[in-house]
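Please look at the sequence and the structure together, and then read the short report that follows.

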Amino acid sequence: NGSDSKYKWSIHVEVRLQPRATARFETIRNRVDLWLKSFDRINLFSTLSGWEDVPELASSVEKIATSESPCQMQSLPLDEMILHIHIYQPSDGDAYEEFSNNSGGREDGDDTMAASVTELPNRNWEGLWDSLIYESDVKTKLLDYIHATLVLSDAGVDFNLVSWNRVVLLHGPPGTGKTSLCRALAQKLSIRLSERYSHGRLLEINSHSLFSKWFSESGKLVQRLFTNITELADEEEAFLVVLIDEVESLTAARAGAMAGTEPSDGLRVVNALLTQLDKLKHRKNVLIMSTSNLVKAIDGAFVDRADIVQYIDLPPREAVYEILRSCLVEMASKGILIGVAVPPLQKALMYERTAPTGQRTVGIMTTSDPHERSKLVGLRLLGLATQCRVQEMSGRALRRLPVLALARYIGIGKIPDSSEGKHTANADAWFDGME
Ligand code: ADP
């Protein structure tokens, strides 16, 4: 309750610095704090502007945004919030490969990569967190939980009394954004924890290549990988997230071994993995995230180690709408889609409630009133979202849909006269293509 004066909302403000800014984080934090305190109210979950007029900020800052908050209000008075200002300067570098398997004396030149490392926060993953859309508050729930465990270990809580394993498992159908969510979470945590850790790293283990390809060797490979992880974790001022993708391919082996269908090497690998995981749980700067498309295929001992086992479902109709809307908005901003403003979900739902049933939504471009046009776009997109939901489309398939629509449009070979030869399509053509 925002009006209860005894309680205040915890509001996170993320301040991104320019790539070459050299100002001290502390200086910027104080300056941003001062600037924010010059307002009576602050908008939540939005990109703030006006800092450009403060010279110290203008020379170093690139973006200031208030991030998601449990508070549902659009804005809050300053005296009802506690501000947490996070300053970060994302690194530009791409992931580099680590621990490739060519050091094991193999001569066939095959150097399967077992893992890659990305510096955090990373510029490539800016915006990823916001682009992932789920029905429930999955994202904040995960973030809060992980945050809580970090607070506990920071406080030095006795591990024998309150314990956790720092292992998170996301599972669900393919293409529902699990891997992306892990990366986005890692990015988010590295921003949130920037006061505590000077930098972060994400180490991604490709279970498939680690395991299937080097079957007989992978026991050793797991050991070696974890030796390297331990080295990374030794750097205590760095926060390390280890992502084990498709973890079922690692752990299914043990079940196979027990059923006598696989050589016992599989068993060794999984045992090695579990032992190594247990060693990592005392490291307070390490978090292990794993994903799986098939939770049934995962070793029970692994699932048991996960503090959070979160099911990630196919996007519901509302999330489908938002995913497609973000695609359309991006294409409109790049000039590939013309003549539409796609309304936000809440607005579209309102149109839907008040629209006479069976209202025609084709012929968007024949309406010249922009408001009416936007309404028709919203209704048609809701209709499309329903169809996608019925067909159980994944987030990945949805993000591909506009590409297919454009391909179809290009295939027709007709380019509007007004577009100077550029491939732009109007809203009707887009919807025809996508449907
Ligand atoms: P998974 O690991 O579950 O197979 P990925 O993380 O590889 O899925 O997701 C593939 C792509 O699909 C992502 O890059 C993202 O653009 C898109 N996507 C999937 N689910 C969603 C979602 N819920 N909201 C937005 N985009 C999504």
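## A helix and its strands

Across which strands does helix α1 lie? In this predicted model, helix α1, which covers residues 25-36, lies across β1 (9-17), β4 and β6, and the helix runs at about 145 degrees to β6.

## The four-stranded sheet

Strands of a sheet pair through backbone hydrogen bonds, and this pairing is either parallel or antiparallel. Here, four strands form an open sheet with mixed pairing, in the order β3-β4-β1-β6. The edge strands, each of which pairs on one side only, are β3 (47-48) and β6 (81-88).

At the β3 edge, two bridges join β3 to β4, a strand of residues 61-66, and these two strands run antiparallel. Within this pair, Leu48 stands opposite Ile64 in β4.

## Backbone exceptions

Most peptide bonds are trans, and most residues other than glycine have a negative phi. A cis peptide bond, with omega of about -15 degrees, joins Leu120 and Pro121, and Pro121 lies in the loop between β8 (115-120) and α3 (128-131).

Glu246, in the loop between β11 (238-245) and α8 (248-258), has a positive phi near 50 degrees, while Glu392, in the loop between α13 (370-390) and α14 (395-412), has a positive phi near 55 degrees.

## Two glutamates, buried or exposed?

Glu246 is buried because 21 other C-beta atoms lie within 10 Å, and the cut-off for a buried residue is 20 or more. Glu392, by contrast, counts as exposed because it has 10 C-beta neighbours inside 10 Å, where the cut-off for an exposed residue is 12 or fewer.

Notes
Residues numbered from 1 in each chain as written. Predicted model: local features only at pLDDT ≥ 70, side-chain atom pairs only at ≥ 80, totals over all residues. Pairing = 2+ DSSP bridges. Contact = placed C-beta atoms within 7 Å. Axes fitted to C-alpha atoms, helices over the stretch in contact; angles between N-to-C directions.
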